[in-house]
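I opened a new notebook page for this structure. My notes follow in the order I looked things up.

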Amino acid sequence: MSSTRFSTLDTTRLLFEHPRVLFRVIERMDRESVRYVRESELAMDVLDYVRDLKRTEQERIRTGFSTDNLFRTGLVIDIVKAEGERRLVFQEALLNLIRACNASLYQELTDAR
């Protein structure tokens with residue numbers, strides 16, 4: 001992976017241009033009743049999502065969704081190593097905004113809180 005990364009604003013824009021990745025992440029977190037995503041699962045979701053896109057767009061999305069970029073921009077606030085895996089904890093405010101873009105996820109938020 002290249003050392004390229006984006007600003008917080010550019011990364012946030014990218015996440016909202018391609019919300020399906022985080023929709024999946026949030027659905028999984030809700031289903032498992034956890035507040036983190038496994039780094040390996042996020043990586044697989046991104047690879048699956050970009051499969052049919054042009055190479056330049058694939059690279060842009062992979063860079064934006066990389067653990068390093070998400071952590072350095074402050075959108076992932078913690079990386080927890082547990083049970084042989086790395087778990088990413090996203091900013092709650094970001095997750096709430098993503099939830100607001102998908103009615104079924106927003107309902108999950110009101111149920112959980």
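In what order do the elements of the protein run from the N terminus on? I read them off as α-α-β-α-α-α-β-β-α-α. The model is a predicted one. I noted seven helices and three strands for the secondary structure.

Next I looked up the totals. The protein has 113 residues, of which 40% count as buried. Its accessible surface comes to about 6600 Å², and carbon and sulfur atoms account for 51% of that. I then took the contacts between residues at least 6 apart in sequence and found that 58% of them join residues at least 24 apart.

I turned to one pair of helices, H2 (residues 20-32) and H6 (residues 92-100). Their axes come within 10 Å and cross at roughly 105°. An angle of 65 to 115 degrees counts as roughly perpendicular, so I entered H2 as roughly perpendicular to H6.

Which residues of H2 meet H6? I listed Leu 22, Phe 23, Ile 26, Met 29 and Asp 30. On the H6 side I listed Leu 94, Leu 95, Ile 98 and Arg 99. By class, I entered seven nonpolar, two charged and no polar residues for this contact.

Last, I checked Leu 105, which lies in helix H7 (residues 103-112). Is Leu 105 buried or exposed? Its relative accessible area is 2%; the cut-off for buried is under 20%, so I entered Leu 105 as buried. Leaving out residues up to four places away in sequence, I found that Leu 105 touches Phe 23, Ile 26, Glu 27 and Arg 99. I also noted that Leu 105 and Asp 30 are 75 residues apart along the chain, with 8.7 Å between their C-alpha atoms.

Key: Residues numbered from 1 in each chain as written. Predicted model: local features only at pLDDT ≥ 70, side-chain atom pairs only at ≥ 80, totals over all residues. Heavy atoms only, no water. Helix = DSSP H or I, 4+ residues; strand = E, 2+ residues; numbered from the N terminus. Buried < 20%, exposed > 50% of the residue type's maximum accessible area, 1.4 Å probe, protein only. Contact = heavy atoms within 4.5 Å. Areas by Shrake-Rupley, 256 points an atom, 1.4 Å probe, with all protein chains shown as cover. Axes fitted to C-alpha atoms, helices over the stretch in contact; angles between N-to-C directions. Parallel < 35°, antiparallel > 145°, perpendicular 65-115°, else oblique. Nonpolar A, V, L, I, M, F, W, Y, C, P; charged D, E, K, R; others polar.
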